[in-house]
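Here's a set of worked exercises to go through with the model open. Try each task yourself before reading on.

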2 protein chains.
Amino acid sequence: MRIGDLAAQTGVSVRSLRYYEEQGLLVSTRSQSGQRRYTDNEIARVRFIQRLYAAGLSSRTIAELLPCVDSPTAQNADAAWEQLHEERDRITQRIDELARARDALDKLIDINREHRARLGRHTDIPSAASISR
Amino acid sequence: MRIGDLAAQTGVSVRSLRYYEEQGLLVSTRSQSGQRRYTDNEIARVRFIQRLYAAGLSSRTIAELLPCVDSPTAQNADAAWEQLHEERDRITQRIDELARARDALDKLIDINREHRARLGRHTDIPSAASISR
DNA sequence: CTAAGACCTGACACTGACGTCAGATGCAAG
DNA sequence: CTTGCATCTGACGTCAGTGTCAGGTCTTAG
């Protein structure tokens, strides 16, 4: 599998894939001419990396975590343990933060709805309270 | 109130306050010498801005939303209505994304715990399942 | 064989919310 | 008055992930 194929499969740009390799998140074998070759395993790996990126982990953090996934040993298992929990807590904290921000936005929406009502607007969009959490 | 006081009250750097003004998020009266003066109202305003930043809104988006908060009129109420909902949906989407990422991390934590168990580690940190969502 | 397109490395550009520095001015205390 | 800290403007630096370009090589279809 060549880099363009992997990019197509994962929806990640070729540039990003090369960047991931540069950061030590991804490995590739090379053909004689130096072109990167990947196996199907890398598809899941790239998706996994993307998921961690989406969680706000930096490439450095991901790079520290991945060895534990790849070949868990006593050392990196211990080292990863704390970090995994740290990152998990960070995500939970971030979710709470976003929920609070959403509440603030809901207040704005309420205020706005009242204004619109006073101005004779018809609310044809579901009310804030009815939107799924 | 001078800019340093506002910074102290809100925990936001002086630099950021000037940046907010530059972006049209914050206004200040000026003394004859040109120094910024704020009222107590700005404290809440800055905290509110921070909250929207925390929600991932850009300064441009915030700048578009704030007029509706300050002096709601028919025009900006209508304009803000859709955007408010868009941003709310974005936040909800982001929260879901983070929750999925956290699930992925939980899987890693489980794998890690098993390895540690096999290696005779004692799990003295609450298990992933017991951590509050 | 040849042309087109994929790939290579290396480098610079960009975004956004700031940090930081320089050089000048303001202001309050001793 | 002076000393020292706060403030001013303007400009450049940062970070991280990615876009993009240049100039060259590889591969594959016709």
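**Exercise 1: the chain contact**

The contact takes 35 residues from chain A and 35 residues from chain B, where two residues touch if their C-beta atoms, placed from the backbone, lie within 7 Å. This is a predicted model, where local features need pLDDT of at least 70 and side-chain atom pairs pLDDT 80 or more, while totals for chains, interfaces and linings use all residues. Residues are numbered from 1 along each chain as its sequence is written, with chains lettered from A and ligands numbered from 1 in written order.

Task: work out which elements of chain A give two or more residues to the side that touches chain B.

Solution. Step one: list them, and you get α3 (41-54), α4 (59-70) and α5 (74-118) of chain A; helices here are DSSP runs (H or I, at least four residues), numbered from the N terminus. Step two: rank them, and α5(A) gives the most, with 24 residues. Step three: sort this side of chain A by class, which yields 24 nonpolar, 4 polar and 7 charged residues.

**Exercise 2: the symmetry**

Task: find what turn lays chain A on chain B.

Solution. Step one: superpose by least squares on C-alpha atoms (pLDDT of at least 70 in both copies). Step two: read off a turn of 180 degrees and a shift of 0.0 Å along the axis, with an RMSD of 0.1 Å. That's the relation of a two-fold axis. Step three: check the surfaces; 97% of the contact residues of chain A recur in chain B, so the same surface serves both copies. Step four: look along the axis, where Ile95(A) comes closest of chain A's residues, at 2.9 Å (C-alpha).

Definitions and conventions. Ala, Val, Leu, Ile, Met, Phe, Trp, Tyr, Cys and Pro count as nonpolar, Asp, Glu, Lys and Arg as charged, and the others, Gly among them, as polar.
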